[in-house]
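Open your viewer and get the selection tool ready. We will go from stop to stop, and at each one you will hear what to select and what is there.

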Amino acid sequence: MRIRIIYFLAALFFVPTIQAQSLWNKNQLEAVRKSLSSGQPQYLPAYEALLADAEKIMRKEPVSVMMKEKTPASGDKHDYMSQARYYWPDPAKPDGLPYISRDGESNPELEKLDRPKLGEMANAVMDLTLAWYFSGDEKYAHRAVEWLRTWFINEETRKNPNMNYAQMIPGHNGGKGRGIGIIDAYSYTGMLDAVRLLEGSAAYTLQDDTCMKNWFTQFLDWLLTSPLGVDESNQKNNHAVAYDEQVILYALYTGNREIALQYLQEFPQKRIYTQIMPDGSQPAELRRTLAFGYSEYNLKHFIEIVLVGQKEGVYLEQAVSEDGRSIFKAFDFLIPYIGKDVTAWPYQQISEWDYKQQELCKDIYMAWLSDPSREDYLEVYQTFNKLTPEDRFNLLFIQPEK
């Protein structure tokens with residue numbers, strides 16, 4: 001194994017204005033804000049789209065877990081509850097129970113529970129926070145804090161810090177959730193970068209900060225010690241990688257850097273060398289009916305963890321096993337299929353072919369950010385990317401034009 005792990009002395013002298021972000025890059029955000037203030041046009045379409053979306057959110061009421069149509073088996077609506085995405089009523093049973101699997105086909109019943117609201121909340125906080133940061137208008141920060149208080153803090157509406165009823169399957173296990181349901185909480189990872197940015201606003205108080213960090217401290221403990229958390233950590237596919245990313249980011253947010261560094265250091269042996277083959281394939285994802293999509297989705301987690309690791313002095317992009325397994329090798333396995341018809345893909349991808357190709361282009365750009373010497377990745381992105389000027393990705397990751 002070849003991996004370089006370096007801990008910079010500078011990390012001991014933490015500077016919030018420079019190092020506050022984990023997935024986002026504060027220097028990138030500052031460069032975008034400077035570009036906007038100087039009237040340069042590169043980011044203007046994305047900024048205007050952001051403000052338009054933020055204005056729509058300003059007119060909405062914050063969502064909470066109390067709004068779902070059903071109550072979890074615990075009897076407490078404060079417990080998050082979602083339904084397994086690919087499970088449907090059994091047509092051979094009068095009541096449809098127990099539900100049966102139809103892999104790759106989403107059941108619209110999911111919309112009645114908490115998963116859509118969790119995503120809506122996280123996206124609202126991110127959009128409102130970015131609108132405040134780039135515009136300087138505190139009204140957006142105040143609204144972002146209201147969404148956070150509703151979901152995490154206010155006694156009447158707050159979510160309990162567990163995922164005990166995530167991705168339950170009707171008719172199975174008494175309505176209890178499953179370890180793989182923890183991936184629903186992945187939306188919190190980007191949201192926490194927005195929270196860290198909000199710390200610089202007048203709207204976000206010390207009490208808010210204390211409550212948020214207490215909530216995520218409890219949630220991190222649940223992830224590390226609960227049976228469902230342990231089960232998710234033992235998965236062999238994208239779920240385990242997403243689990244690690246959550247643990248790392250929640251640990252960094254709550255000040256538990258020791259846990260974050262442990263997971264970063266163990267990541268090559270635990271995830272890269274077990275999930276990626278010497279040819280770059282990811283067998284656990286290729287067996288799915290959405291094989292390209294899940295391979296891309298897992299790579300998204302991989303490259304995000306790489307970028308987080310770099311800020312902590314752990315260089316996972318340099319991790320290569322003796323037989324050649326690496327994150328970049330996984331990119332190289334997928335890249336030849338970009339720009340081709342789905343029929344060229346030798347595995348299944350029953351939907352979302354074009355969408356997932358574009359998502360992979362974003363991941364490839366992030367891979368180039370992690371190692372600018374990979375100019376071939378930048379060329380692939382520039383050749384096949386169809387990113388619209390309004391896309392939020394421009395604000396968060398695309399470097400300023402020189």
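Start with helix H7 and helix H9. On the H7 side, select Asp-209, Met-212, Lys-213, Phe-216, Phe-219, Leu-220, Leu-223 and Leu-224, which meet Tyr-243, Gln-246, Val-247, Tyr-250, Ala-251 and Tyr-253 in H9. Colour this contact by residue class and you get 11 nonpolar, 1 polar and 2 charged residues. Keep in mind throughout that you are looking at a predicted model.

Now show the helix axes. H7 covers residues 206-225, and its axis comes within 9 Å of that of H9, with a crossing angle of roughly 145°. The crossing of H7 past H9 is left-handed.

Next, keep H9 on screen and add helix H10, residues 257-275. How far apart are the axes of H9 and H10, and at what angle do they pack? The axes are 8 Å apart and the angle is about 165°. Angles over 145 degrees count as roughly antiparallel, so H9 and H10 are roughly antiparallel to each other. Here too the crossing is left-handed, with H9 passing H10.

For the side chains of this second contact, select Asn-238, Ala-240, Val-241, Tyr-243, Asp-244, Val-247, Ile-248, Ala-251 and Leu-252 in H9. Their partners in H10 are Arg-257, Ile-259, Ala-260, Tyr-263, Leu-264, Phe-267, Lys-270, Arg-271 and Gln-275. The residues of this contact divide into 12 nonpolar, 2 polar and 4 charged. Among the H9 residues here are Tyr-243, Val-247 and Ala-251, which you have already selected, since H7 meets Tyr-243, Val-247 and Ala-251 as well.

Stay with H9 for the cavity stop. Select Ser-22, Thr-189, Leu-192, Asp-193, Arg-196, Leu-249 and Tyr-253, the lining of the largest cavity. Two elements give two or more residues to this lining: helix H6 (187-198) and helix H9 (238-253). Which of the elements gives the most to the lining? H6 does, with 4 residues. The lining has 3 nonpolar, 2 polar and 2 charged residues. The cavity has a volume of about 30 Å³, and the count of cavities of 30 Å³ or more comes to 1. Tyr-253 appears in this lining and also in the contact of H9 with H7.

Now move to another helix pair: select residues 44-58 for H3 and residues 138-153 for H5. Their axes come within 11 Å and cross at roughly 55°, and H3 and H5 are therefore oblique to each other. H3 passes H5 in a left-handed crossing. In H3, pick Leu-51, Ala-54, Glu-55, Ile-57 and Met-58; in H5, pick Lys-139, Tyr-140, Arg-143 and Trp-147, the residues they meet. By class, this contact has 6 nonpolar, no polar and 3 charged residues.

Finish with two backbone details. Most residues other than glycine have a negative phi, and most peptide bonds are trans. With that in mind, select Leu-97 and Pro-98: the peptide bond joining them is cis, with omega about -10°. Pro-98 sits in the loop between strand S3 (87-88) and strand S4 (100-101).

For the last selection, take Gln-167 in strand S5, residues 165-168. Is its phi positive or negative? The phi of Gln-167 is positive, near 55°, in a residue other than glycine.

Definitions and conventions. Residues are numbered from 1 along each chain as its sequence is written. This is a predicted model: local features need pLDDT of at least 70, side-chain atom pairs count only at pLDDT 80 or more; totals for chains, interfaces and linings use all residues. Side-chain values use heavy atoms; hydrogens and water are left out. On a 1 Å grid over the protein atoms alone, a cavity is a set of points where a 1.4 Å probe fits but cannot get out, and a pocket is an open set with protein on both sides within 12 Å along at least five of seven lines; lining residues have an atom within 4 Å of a point. Grid points are joined across faces, edges and corners, and a volume is the space filled by probe spheres set on the points. Ala, Val, Leu, Ile, Met, Phe, Trp, Tyr, Cys and Pro count as nonpolar, Asp, Glu, Lys and Arg as charged, and the others, Gly among them, as polar. Axes are lines fitted to C-alpha atoms, for helices over the stretch in contact, and angles run from 0 to 180 degrees between N-to-C directions. Angles under 35 degrees count as roughly parallel, over 145 as roughly antiparallel, 65 to 115 as roughly perpendicular and the rest as oblique. A crossing is left-handed if the near helix is turned anticlockwise from the far one by less than a right angle, and right-handed if clockwise. Contact means heavy atoms within 4.5 Å.
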